[in-house]
Amino acid sequence: ANYLNGLSWGTMPTQIGSLTKLAEYLVFGNELTGGLPTQLGMLAHLERFLDLSTNSFTSSIPTELGNLRMMTSNFDLSYNS
């Protein structure tokens, strides 16, 4: 698992898409701002958690997140701007 809570700020790097073997990604409770990178849709093995809650994301949800076909539970974008 990749888990960051209160340890990150700024924008989410587009290089996130190169981490194609991630099964869960939790970055809730940080100071992440800006838009969600479309490259999140490249995380083909993401299956359990995508928790981006309690940040300051301001964009709409990228349609590329529809590519996360293995995702079976816990997609959370609550408490963002």
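## A predicted all-strand chain and its salt-bridge network

Glu47 has a relative accessible area of 25%, and the residue is therefore classed as partly exposed. Salt bridges with shared partners tie Glu24, Glu47 and Arg48 together in one network. The model in which this network appears is a predicted one, and the values that follow are computed from it.

### The salt-bridge network

A search through the whole structure returns 2 salt bridges. One of them joins the side chains of Arg48 and Glu24, with an N to O distance of 2.8 Å. This pair brings together distant parts of the chain, since Arg48 sits in the loop between β4 and β5 (49-51) while Glu24 belongs to strand β3 (residues 24-26), the two being 24 residues apart. In the other, the side chain of Arg48 meets that of Glu47 at 3.0 Å, again N to O.

The surroundings of the three residues can be stated in terms of accessibility. Glu24 has a relative accessibility of 14%, and because the limit for a buried residue is under 20%, Glu24 counts as buried. Arg48, at 35% relative accessibility, counts as partly exposed, and Glu47, at 25%, is likewise partly exposed.

The table sets out the two side-chain pairs.

| Salt bridge | Distance, N to O |
|---|---|
| Arg48 and Glu24 | 2.8 Å |
| Arg48 and Glu47 | 3.0 Å |

### Overall fold and dimensions

The chain contains 7 strands and 0 helices, so that from the N terminus onward its elements read β-β-β-β-β-β-β. The radius of gyration of the chain is 11 Å, close to the 12 Å that the globule rule gives for 81 residues, and the chain is therefore as compact as a globular protein of that length. Measured out along the principal axes, the C-alpha trace spans about 25 × 25 × 20 Å.

Of the 81 residues, 31% count as buried, and the accessible surface of the chain amounts to about 4700 Å², with 55% of this area belonging to carbon and sulfur atoms. Among the contacts in the chain with a separation of 6 or more, 61% are made by residues 24 or more positions apart.

### The sheet

Three of the strands form an open sheet, in the order β2-β4-β6 and with parallel pairing. Its edge strands are β2 (9-11) and β6 (56-57), each of which pairs on one side only. Strand β4 (residues 31-34) runs parallel to β6 and is joined to it by 2 bridges, and Gly34 is the residue that stands opposite Phe57 in β6.

### The nonpolar core

The largest nonpolar core has 15 residues, of which Met12, Ile16, Tyr25, Leu40, Leu46, Leu50 and Leu52 touch the most other members. Two of these residues can be followed further through their contacts.

Met12 is placed in the loop between β2 and β3, and with a relative accessible area of 5% this residue is buried. Once neighbours within four places in sequence are set aside, Met12 is in contact with Tyr25, Val27, Leu32, Thr33, Pro37, Leu40, Leu52 and Phe57. For one of these partners, Pro37, which lies 25 residues from Met12 along the chain, the separation of the C-alpha atoms is 7.0 Å.

Leu50, with residues up to four places away in sequence not counted, touches Tyr25, Leu65, Leu68, Met71, Asn74, Phe75 and Asp76. Tyr25 is thus listed among the contacts of Met12 and also among those of Leu50.

### Backbone angles with positive phi

Two residues other than glycine deserve a separate entry for their backbone angles. Thr54, found in the loop between β5 and β6, has a phi near 55 degrees, a positive value in a residue other than glycine, and at 40% relative accessibility Thr54 counts as partly exposed. Tyr79, in the segment after β7 (75-76), has a positive phi of about 60 degrees although this residue is not a glycine. Which class of accessibility does Tyr79 fall into? At 68% relative accessibility, Tyr79 counts as exposed.

How values were computed
Residues numbered from 1 in each chain as written. Predicted model: local features only at pLDDT ≥ 70, side-chain atom pairs only at ≥ 80, totals over all residues. Heavy atoms only, no water. Helix = DSSP H or I, 4+ residues; strand = E, 2+ residues; numbered from the N terminus. Rg over C-alpha atoms; globule rule 2.2 N^0.38 Å. Buried < 20%, exposed > 50% of the residue type's maximum accessible area, 1.4 Å probe, protein only. Contact = heavy atoms within 4.5 Å. Areas by Shrake-Rupley, 256 points an atom, 1.4 Å probe, with all protein chains shown as cover. Core = buried A, V, L, I, M, F, W, Y, C linked by side-chain atoms within 4.5 Å. Pairing = 2+ DSSP bridges. Salt bridge = Lys/Arg side-chain N within 4 Å of Asp/Glu carboxyl O.
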